[in-house]
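Let's take a walk through this fold, one piece at a time. Pull it up in your viewer and follow along.

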Amino acid sequence: MSEQSTDLRETVRQRYAAAAVQVTEGGTACCGPEPVEVDENFGSTLYAADERDALPAEAVAASLGCGNPLAVAELRTGERVLDLGSGGGIDVLLSARRVGPTGRAYGLDMTDEMLELALANAEKAGATNVEFLKGTIEAIPLPANTIDVVISNCVINLSTDKPAVFAETFRALKPGGRIGVTDVVADDNLTPDQRAERGDYVGCIAGALTFAEYRAGLEAAGFAGVEITATHSVADGMHSAIVRATKPLTTEGSSKTAESADACCGVNACCTPAESSADSALTVTEAQAATGCTCQN
């Protein structure tokens, strides 16, 4: 990581650590915590009132996103969901309610203060199917092919290595898994300098990708069915957007492996430890001999 990228990451960390402290200290006041964001384009007002009312006030107050990813993620009972940059935990707690006791909601954040706040909020909410992890969204601390849905609320634009975020998200998702995130996206004609003129990096503006860059980044990581839909303007030529994409059931590499595995006539899963004769009356050797096929491994 370059020195500039390291400095930007630390600036982001300090910004959100301060936000967590503000909410935590506000929670001790007689009237409860005040929302960190008051701009109508960001924060808890983008959630329905019944969603906000069902959560601890501190989780709502710490909401800093540009949308509501749960409105588009279509979470189902029993699913495992991962929130990138989970902050005070609002999306994790809402996800946990939707996936139910047979599902699990993970929150990933790099800021100790936010993780401490999120854990306190989970305890207040009585949520038992949640887990908060410390780490960066460029190096997700979960095994490959274990997550059904990845959500995120205005966090990917803060990363200084977005290709790594897309690649890690793809790795963590199960085949057929999906992403449903909200993020700030720029018009395709805006240069990096023009984006920086409209807002700073920690304000979710300067680091935003264009629509074309976002789509290309997801597709380069292997995602299919990429959809990016603007919802509202956050600055001139900058939009909060819903981003959807899917990890194919078979990637190009696994598809080639499958074709190779079935290449021997009369034998299922040829050349693998699981190979078996397609004809139950024949052994694998007999089936190969009968068709003239031989394993090439």
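Which residues of helix H9 (residues 211–221) are buried? In this predicted model, they are Phe211, Tyr214, Gly217, Leu218 and Ala221. Look down the axis and you'll see them cover an arc of only 135 degrees, which puts them on the same side of H9. As for what that side packs against, the partners are helix H7 (162–172) plus four strands: E5 (173–186), E6 (209–210), E7 (224–235) and E8 (238–246). Just after H9 ends, Gly222 takes a positive phi of about 115 degrees.

Now let's turn to one of those partners, E5. Of its 14 residues, 11 are buried, so the rest of the structure largely encloses E5. Its pairings are worth tracing one by one. Strand E4 (residues 147–153) runs parallel to E5, with 6 bridges joining them; Ile151, for instance, has Gly180 in E5 as its bridge partner. Put H7 together with E4 and E5 and you've got a right-handed β-α-β unit. E5 also pairs with E6, in the parallel sense over 2 bridges, and there Val185 is matched with Leu209 in E6. With E8, the sense is antiparallel and the count is 9 bridges, with Ala186 and Met238 of E8 as one pair of bridge partners.

What about empty space? The structure holds 2 cavities of 30 Å³ or more, and the second largest has a volume of about 50 Å³. H7, E5 and H9 each supply at least two residues of the lining of that second largest cavity. Among the lining residues are Tyr214 and Leu218, which we already met as buried residues of H9. Leu84, Val150, Phe166, Ile179 and Phe223 are also included in the lining.

Over to another stretch of the chain, starting with strand E2 (residues 104–109). Here 5 of the 6 residues are buried, so E2 is largely enclosed by the rest of the structure. Strand E1 (residues 80–84) pairs with E2 in the parallel sense over 5 bridges, and Asp83 has Gly107 in E2 as its bridge partner. To get from E1 to E2, the chain goes through helix H5 (residues 90–99), making a right-handed β-α-β crossover. E2 is also joined by 5 bridges to strand E3 (residues 130–134), and these two run parallel. In this pairing, Tyr106 stands opposite Glu131 in E3. The chain crosses from E2 to E3 through helix H6 (residues 112–125), and this β-α-β crossover is right-handed.

How values were computed: Residues numbered from 1 in each chain as written. Predicted model: local features only at pLDDT ≥ 70, side-chain atom pairs only at ≥ 80, totals over all residues. Heavy atoms only, no water. Buried < 20%, exposed > 50% of the residue type's maximum accessible area, 1.4 Å probe, protein only. Arc of directions from axis to C-beta. Contact = heavy atoms within 4.5 Å. Pairing = 2+ DSSP bridges. Right-handed = clockwise from strand over helix to strand, strands pointing away. 1 Å grid on protein atoms, 1.4 Å probe; cavity = no way out; pocket = protein on both sides within 12 Å on 5 of 7 lines; lining within 4 Å. Points joined across faces, edges and corners; volume = space filled by probe spheres on them.
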